Amino acid sequence: MTLRLEDLAAVADQLSPEAAEQLGLQVKSPRKHSFSVEQERQWAIKVLNVIASLPQDHRRRVLERAQKMSVA
């Protein structure tokens with residue numbers, strides 16, 4: 001029998017925190033978003049304002065490079 005990672009994750013989600021701790025699994029607390037949609041919109045406007053004077057193809061290249069740098 002082969003267990004897939006998805007199957008294990010589904011089982012782990014159904015365990016009580018005590019049972020998960022006994023098995024040595026890390027118990028995660030729910031994520032809290034500290035970056036609201038409105039803040040995200042405001043920062044996007046600020047970032048785009050910096051590159052607004054570039055032609056569209058240059059903006060695209062700059063944004064692609066920034067995304068690659070962000071992932072690395």
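Helix H4 makes a convenient starting point in this predicted model: at 1.5 Å a residue, its 16 residues should span 22 Å, and the end C-alpha atoms of H4 are 23 Å apart, which agrees. Helix H4 covers residues 56-71. Despite that regular length, H4 is hardly covered, and the count of buried residues among its 16 residues is zero. Confidence is not a concern here, since among the elements of the protein chain H4 has the highest mean pLDDT, 94.

The wider setting of H4 is an all-helical one: the secondary structure of the protein chain comes to four helices and zero strands. Read from the N terminus on, the order of elements is α-α-α-α. Of the 72 residues in the protein chain, 3% count as buried. The chain exposes about 7300 Å², and carbon and sulfur atoms supply 56% of that area.

A word on confidence is useful before turning to side chains. The mean pLDDT of the protein chain is 83, with 88% of its residues reaching 70 or more. At the other end of the scale from H4 stands helix H1 (residues 5-14), whose mean pLDDT of 70 is the lowest among the elements. Where pLDDT is low, the predicted coordinates should not be read in detail.

Turning to charged side chains, the structure holds two salt bridges. One of them joins the side chains of Glu64 and Arg60, at 3.3 Å from N to O. Both residues belong to helix H4, where Glu64 and Arg60 sit four residues apart, about one turn of the helix. With a relative accessible area of 39%, Glu64 is partly exposed. Arg60 also counts as partly exposed, at 45% relative accessibility.

The side chains of Arg41 and Glu38 form a salt bridge too, with an N to O distance of 2.7 Å. This pair lies within helix H3, with Arg41 and Glu38 three residues apart, again about one turn of the helix. Arg41 has a relative accessible area of 44% and is therefore partly exposed. For Glu38 the relative accessible area is 38%, so Glu38 is partly exposed as well.

Helix H3, spanning residues 37-50, is also the place of Leu48. At 45% relative accessibility, Leu48 counts as partly exposed, because the class of partly exposed residues runs between 20% and 50% relative accessible area. Leu48 does not stand alone at the surface: together with Val47 and Leu63, Leu48 forms a nonpolar patch. The accessible area of Val47, Leu48 and Leu63 together is about 240 Å².

Another residue to follow in H4 is Arg59. The relative accessible area of Arg59 is 28%, which means that Arg59 is partly exposed. Arg59 and Leu48 are eleven residues apart along the chain, and their C-alpha atoms are separated by 8.8 Å. Which residues does Arg59 contact, leaving aside its neighbours within four places in sequence? They are Ile51, Ala52 and Leu54.

Taken side by side, helices H3 and H4 supply the detail of this picture. The Arg41 and Glu38 pair lies in helix H3, while the Glu64 and Arg60 pair lies in helix H4. Leu48 in helix H3 contributes to the nonpolar surface patch with Val47 and Leu63, and Arg59 in helix H4 has its C-alpha atom 8.8 Å from that of Leu48.

Conventions:
Residues numbered from 1 in each chain as written. Predicted model: local features only at pLDDT ≥ 70, side-chain atom pairs only at ≥ 80, totals over all residues. Heavy atoms only, no water. Patch = residues over 30% accessible without salt bridge, like charges linked within 9 Å, V, L, I, M, F, W, Y side chains within 5 Å. Areas by Shrake-Rupley, 256 points an atom, 1.4 Å probe, with all protein chains shown as cover. Salt bridge = Lys/Arg side-chain N within 4 Å of Asp/Glu carboxyl O. Helix = DSSP H or I, 4+ residues; strand = E, 2+ residues; numbered from the N terminus. Buried < 20%, exposed > 50% of the residue type's maximum accessible area, 1.4 Å probe, protein only. Expected span 1.5 Å × (residues − 1). pLDDT = per-residue confidence, 0-100. Contact = heavy atoms within 4.5 Å.
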